[in-house]
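Please open the structure in your viewer and keep the selection panel at hand. The stops below are meant to be followed in order.

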Amino acid sequence: MNKVNKGTAYWQDLDRQHHWHPFTDSQALNAKGARVITRAEGVWLWDSEGNRILDGMAGLWCVNLGYGRAELIEAAAAQMRELPYYNCFFQTTTPAATELAAAVASVTPPGLDRVFFAGSGSEAIDTAIRMVRTYWATAGKKPYKNWIIARDNAYHGSSIGGASIGGMAVMHAQGAPMVPHVAHVPQPYWYGEAPEGMSPEAFGLARARLIEDKILELGPDNVAAVFGEPIQGAGGVIVPPASYWPEVQRICRKYDVLLVADEVICGYGRTGAWFGSQTFGIEPDLMTMAKGMSSGYLPISAVAVGRRVAEGLMAHAGEFYHGYTYSGHPVAAAVALRTIEILKTEKLVERVQSDIGPYFQDRLATLLDHPLVGHIDGTGLVAGIALVDSKNPKRFFEDGGRIGLLCRDHCFREGLIMRAVGSRMVLSPPLVISRDEVDQLVALARRCLDLTARDLGR
Ligand code: PXG
């Protein structure tokens, strides 16, 4: 079967009949037909019409090493030939899984050196939920210490656990009721939610203290953990004020509540450190990771567990009744291992920290003169651009979601993947993007902002 000769209409038709897409209004999609991506190289995608598109999102925040990396392809092929599958249940391991556990421990912050594997970010989150609750129920002998606090507009996945601790109201409404004993507090979104005149510093502290209020309301002895993304990715790249995380950390320590950093997007170099926790001064008890861990080439995720929880659980829980068929899948593990080696040998995390990250943020900042751009949040190679109706006085669009989609659709047509989250445009390009490609990305973004402004009669 030759895909290339079949053409767009063939794929769209088949897709319409059988394929139910994630996070998609199927009727709306079927009315127009899906975009078909057929190949990719570096930071570039090609669709079935032959258009070349700059992937400003690294797939879905994951293809950190860019497309077409021969080393990753070889790692997968070699592992498939040697041992395509074996599991890590029943007192067994494979060299790939064991070596990956050690490699992950070599890049996580000190102490987080026990690694539990899963297949996706959602599974890692479910694993972390079960770990923290089991920890308190066994080591701490406090089975009632099981509440989890998370933030509004957080994204922690689509499993029932991930959707429950995520703060997406639309997700809570479908398939309700969600998992019990989960509470949400407002997010640290300074530009969008701070009272007029409040500094980022003061706002960060105020939002952190809402976590303290919630702990006190529930009773410190009932709260197992706080979960949070260092930067909220799918929520629109909400970068918290610098004061926020150190205060959350202090509060968690004060009340003996565990802190879980969801590093699914921030991990593996995105923010200019190996993990977003390091960028924001968080010392988490557990970290969840996925996406960039294998550069998105194969599905794999993990929970890195600090000594307190790992040792407590291992000493007191006996068997931990949890795991997946694909926990430590050897082929995915081999690709993740190679990904970590490449990040190290090519010094890509350092590159994001001191070269391409600052360059990207500087270039993006040139868009601040655009009439639609109210504010840009970002660090390393991730950014969120707030589109506004008016900058001064600050006024958001009443139909911000529609404006975001207008801009996004211009991006598609002009050859740039830049996603819309409501009226925030988000970017997260591969870590290997060149300066020249950053220039192209920013030029395309400006063009699409201009086209959006034109649509609005500006
Ligand atoms: N935690 C975080 C912080 C995530 O960003 C997950 C958990 C769940 O991972 P899995 O592998 O189960 O999808 C994610 C996933 C978007 C988008 O539109 C973001 C994600 C997934 C799908 C779409 O920005 N993040």
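Begin by selecting β1, β2, β3 and β13: in this predicted model these four strands form an open sheet, in the order β1-β2-β3-β13, with mixed pairing. Colour β1 (37-41) and β13 (416-417) separately, since these are the edge strands. Each has a single partner, so one side of each is left without a neighbour in the sheet.

Next, restrict the view to strand β3 (residues 52-55) and β13. The two strands pair in the parallel sense, over two bridges. To locate one position in this pairing, select D55 and look across to β13, where its bridge partner is I417.

**The second sheet**

Now select β11, β12, β15 and β14. This is an open sheet of four strands, arranged in the order β11-β12-β15-β14 and paired in the antiparallel sense. Which strands stand at the edges? They are β11 (373-379) and β14 (419-421); each has a single partner strand, so one side of each has no neighbour in the sheet. Viewed along the sheet, neighbouring strands are turned against each other by 25° on average, with direction ignored.

Keep β11 visible together with strand β12 (residues 382-387). Their antiparallel pairing extends over six bridges. Select V373 to find one such position: its bridge partner in β12 is L387.

**Backbone features**

From β12, proceed to the loop that runs between this strand and α17 (400-414), and select P393, which lies there. The peptide bond joining N392 and P393 is cis, with omega about 5°.

A further cis peptide bond is found by selecting A176 and P177; from A176 to P177, omega is near 0°. P177 belongs to the loop between α8 (169-173) and β6 (182-185).

Then select W61, which is placed in helix α3. Its phi is near 65°, a positive value in a residue other than glycine.

**The ligand and its shell**

Leave W61 displayed and select the ligand. Which residues come nearest to the ligand? Of the 15 residues around it, these are W61, G121, S122, D262 and R419.

Show the side chains of D262, K291 and R419 and examine the polar atoms in turn. At D262, a polar side-chain atom lies 2.6 Å from a nitrogen atom of the ligand. At K291, an N or O atom of the side chain is 3.2 Å from a ligand nitrogen atom. At R419, a polar side-chain atom lies 2.6 Å from an oxygen atom of the ligand. Switching to a surface display gives the wider view: on its own the ligand has 540 Å² of accessible area, and the protein covers 83% of it.

Finally, select the whole shell. By residue class, it divides into six nonpolar, five polar and four charged residues. Highlight α3 (58-61) and α6 (121-138), each of which supplies at least two residues of this shell. Colouring by domain completes the tour: domain 1 (8-68 + 349-455) and domain 2 (72-345) each contribute at least three residues to the shell around the ligand.

Notes: Residues are numbered from 1 along each chain as its sequence is written. This is a predicted model: local features need pLDDT of at least 70, side-chain atom pairs count only at pLDDT 80 or more; totals for chains, interfaces and linings use all residues. Side-chain values use heavy atoms; hydrogens and water are left out. A residue is near a molecule or strand if one of its heavy atoms lies within 4 Å of it. A polar contact is a pair of N or O atoms within 3.5 Å; within protein, one must be able to donate a hydrogen and the other to accept it, and residues adjacent in sequence count only if both atoms are side-chain atoms. Accessible areas come from the Shrake-Rupley method with a 1.4 Å probe; for residues, only the protein chains shown count as cover. Ala, Val, Leu, Ile, Met, Phe, Trp, Tyr, Cys and Pro count as nonpolar, Asp, Glu, Lys and Arg as charged, and the others, Gly among them, as polar. Domain bounds come from an automatic or database domain assignment. Two strands pair if DSSP finds at least two bridges between them. Axes are lines fitted to C-alpha atoms, for helices over the stretch in contact, and angles run from 0 to 180 degrees between N-to-C directions.
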